[in-house]
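This report describes selected features of the structure shown below. It proceeds from a single residue to the sheets and helices around it.

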Amino acid sequence: MTLRSDAAALLDDLVTLRRDLHRIPEIGLHLPRTQERVLAALDGLGLEVSLGKSLSSITGVLRGGKPGGTVLLRGDMDALPVTEASGEEFSSTHDGAMHACGHDLHTAGLVGAARLLAARKADLPGDVVFMFQPGEEGWDGAGHMIEEGVLTASGKHVDAAYGLHVSASTYAKGHFTARPGTLMAASGGLFVRVRGDGGHGSSPHDARDPIPAACEMVTALQTMVTRSFDVFDPVVVTVGTFHAGTRRNIIPDDAVFEATLRSFSPEVAARVGERAVQVCQGIAQAHGLDIDVTYEPEYPATVNDAGAYDFVADTIRDVFGAERFTEMADPITGSEDFSRVLERVPGAYLFLGACPTDPENSPDNHSPRARFDDSVLGDGAALLAELAVRRLEILAG
């Protein structure tokens with residue numbers, strides 16, 4: 001029996017687990033109900049399980065029957081602050097929370113990989129670390145787990161790491177894709193409060209109006225992208241919140257906005273926040289206004305090791321057929337805290353299409369209408385298990 005055929009036999013159980021998790025989405029670093037359900041699903045597999053101290057993480061170590069290296073497999077578990085409108089019969093029962101990014105599939109798929117590998121542990125030349133991670137969606141859960149020792153959970157540093165992410169659109173169901181080098185962007189947050197003096201809307205000259213200056217900053221940040229950075233090393237700036245005032249005839253004391261800045265190289269990531277702060281400060285000074293502005297780096301770029309990428313691509317082609325894999329032409333501008341792991345361990349991250357209908361016209365990840373075809377769970381679990389087995393065999397020589 002192959003890992004793929006064994007995974008197909010697990011599919012019904014994995015779908016049940018995924019839908020159970022989908023009904024109880026939890027946000028951030030503390031996911032008690034999710035943690036409880038995953039622990040129940042891992043019970044009896046013989047893993048050495050440890051729980052996080054500062055977050056509801058689960059680290060499971062599977063000891064192989066033979067000496068060798070260590071491979072890490074990761075699945076994130078947290079949901080988004082989105083009210084579900086997918087129409088699924090197993091929709092979220094938590095108002096204002098939804099598994100809109102498919103992390104419920106990631107978690108169920110990693111449980112499947114754990115079951116597949118546990119059944120073969122006597123033959124494994126080394127150990128496997130299963131990283132069940134909260135807080136990917138902006139909470140740096142990977143960073144917390146690294147601080148708490150996930151990369152040395154087996155007693156020695158892991159030698160390779162792999163993870164995958166499902167997509168509700170763009171890619172056909174069951175299709176895998178990745179690329180060598182930079183796969184996803186670095187990200188950071190820009191937080192701005194422009195402070196003036198409020199007054200009557202009829203007499204703006206008697207006040208210090210923060211709104212025009214803040215609006216100017218929003219547009220100037222877009223100009224900054226092409227005037228301060230090479231277009232072939234791109235930057236993406238998105239202002240996601242802007243708040244000012246209470247009534248149309250009142251000039252407020254302040255205007256507040258927040259932006260996300262994304263980039264693809266370490267050099268630009270190191271500069272973009274500083275330059276954005278300078279732009280906002282300069283405009284505030286020109287208007288005679290005060291400003292509080294900070295930039296907070298979030299995640300580094302997700303970079304696939306070139307050799308690890310080749311290994312993943314070859315494994316997919318061998319197990320599923322060449323038609324099931326495509327190399328991505330360009331990185332994507334989303335960010336991912338698995339980048340923290342890949343900064344420290346050679347490895348690779350990839351995408352798996354899970355669109356139940358037409359990928360070109362389906363709601364994307366993070367949409368309240370996002371839907372995922374959980375029939376891909378078997379192949380996702382099988383691939384993670386295959387990567388672990390094959391890499392351990394290579395490490396064993």
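## Gln35 and its surroundings

Apart from its neighbours within four places in sequence, Gln35 is in contact with Leu51, Ser56, Ser57 and Ile58. The model is predicted, and in it Gln35 belongs to helix 2, which spans residues 32-42. The relative accessibility of Gln35 is 15%; because buried means under 20%, Gln35 counts as buried.

## The mixed sheet of eight strands

An open sheet is formed by 8 strands in the order 1-2-4-3-5-16-6-15, and its pairing is mixed. The edges are taken by strand 1 (48-51) and strand 15 (325-327); each has a single partner strand, so one side of each is left without a neighbour in the sheet. On average, and with direction ignored, neighbouring strands of this sheet are turned by 20 degrees against each other.

Within this sheet, strand 3 (residues 66-76) pairs with strand 5 in the parallel sense over 4 bridges. Arg74 has Gly163 as its bridge partner in strand 5. Helix 2 packs on the sheet and touches strand 1, strand 2 (58-63) and strand 4 (125-133). The direction of helix 2 makes about 15 degrees with that of strand 2.

## Strand 16 and its partners

Which strands pair with strand 16, and in what sense? Strand 5 (residues 160-167) runs parallel to strand 16 and is joined to it by 7 bridges. Strand 6 (residues 176-178) pairs with strand 16 in the antiparallel sense, over 2 bridges. Two residue pairs illustrate these connections: Phe351 of strand 16 is the bridge partner of His165, while Leu352 of strand 16 is the bridge partner of Phe176.

Strand 16 covers residues 347-353, and 7 of its 7 residues are buried, so the strand is largely enclosed by the rest of the structure. In a regular strand the side chains alternate between the two faces of the sheet. Both faces of strand 16 are covered: on one side Gly347, Tyr349, Phe351 and Gly353 are buried, and on the other Ala348, Leu350 and Leu352 are buried as well. Helix 7 (residues 306-320) lies across strand 16 and also across strand 5, strand 6 and strand 15. Helix 7 runs at about 40 degrees to strand 16.

## The antiparallel sheet of four strands

Another open sheet consists of 4 strands in the order 10-12-8-13, with antiparallel pairing. Strand 10 (235-244) and strand 13 (290-299) are its edge strands, each pairing on one side only. Neighbouring strands of this sheet are turned by 15 degrees against each other on average, direction ignored.

Strand 8 (residues 186-195) is antiparallel to strand 13, with 9 bridges in the pairing, and antiparallel to strand 12, with 10 bridges. Gly188 takes part in both pairings: its bridge partner in strand 13 is Pro297, and in strand 12 Gly188 stands opposite Leu261. Arg195 has Asp290 as its bridge partner in strand 13. Of the 10 residues of strand 8, 7 are buried, so this strand is largely enclosed by the rest of the structure.

## Helices on the four-stranded sheet

What packs on the sheet that contains strand 8, strand 10, strand 12 and strand 13? Helix 5 (residues 210-228) does, touching strand 8, strand 10, strand 12 (254-263) and strand 13. The direction of helix 5 makes about 170 degrees with that of strand 10. Helix 6 (residues 266-286) also packs on this sheet and touches strand 8, strand 10, strand 12 and strand 13. The direction of helix 6 makes about 165 degrees with that of strand 13.

## The crossing of helix 3 and helix 9

The axes of helix 3 (residues 103-118) and helix 9 (residues 377-395) come within 8 Å and cross at roughly 50 degrees. The two helices, helix 3 and helix 9, are therefore oblique to each other, and their crossing is right-handed.

Helix 3 contributes Leu105, Ala108, Gly109, Leu110, Gly112, Ala113, Leu116 and Leu117 to the contact, and helix 9 contributes Leu377, Ala381, Ala382, Leu384, Ala385, Ala388 and Val389. The residues of this contact comprise 13 nonpolar, 2 polar and no charged.

## Gly155 in a loop

Gly155 is located in the loop between helix 4 (141-147) and strand 5. Is Gly155 buried or exposed? Its relative accessibility is 69%, and therefore Gly155 counts as exposed. Gly155 and Asp127 are 28 residues apart in sequence, and their C-alpha atoms are 10.0 Å apart in space.

Definitions and conventions: Residues are numbered from 1 along each chain as its sequence is written. This is a predicted model: local features need pLDDT of at least 70, side-chain atom pairs count only at pLDDT 80 or more; totals for chains, interfaces and linings use all residues. Side-chain values use heavy atoms; hydrogens and water are left out. Buried means under 20% relative accessible area, exposed over 50%, partly exposed in between (1.4 Å probe, protein chains only). Two strands pair if DSSP finds at least two bridges between them. Axes are lines fitted to C-alpha atoms, for helices over the stretch in contact, and angles run from 0 to 180 degrees between N-to-C directions. Angles under 35 degrees count as roughly parallel, over 145 as roughly antiparallel, 65 to 115 as roughly perpendicular and the rest as oblique. A crossing is left-handed if the near helix is turned anticlockwise from the far one by less than a right angle, and right-handed if clockwise. Contact means heavy atoms within 4.5 Å. Ala, Val, Leu, Ile, Met, Phe, Trp, Tyr, Cys and Pro count as nonpolar, Asp, Glu, Lys and Arg as charged, and the others, Gly among them, as polar.
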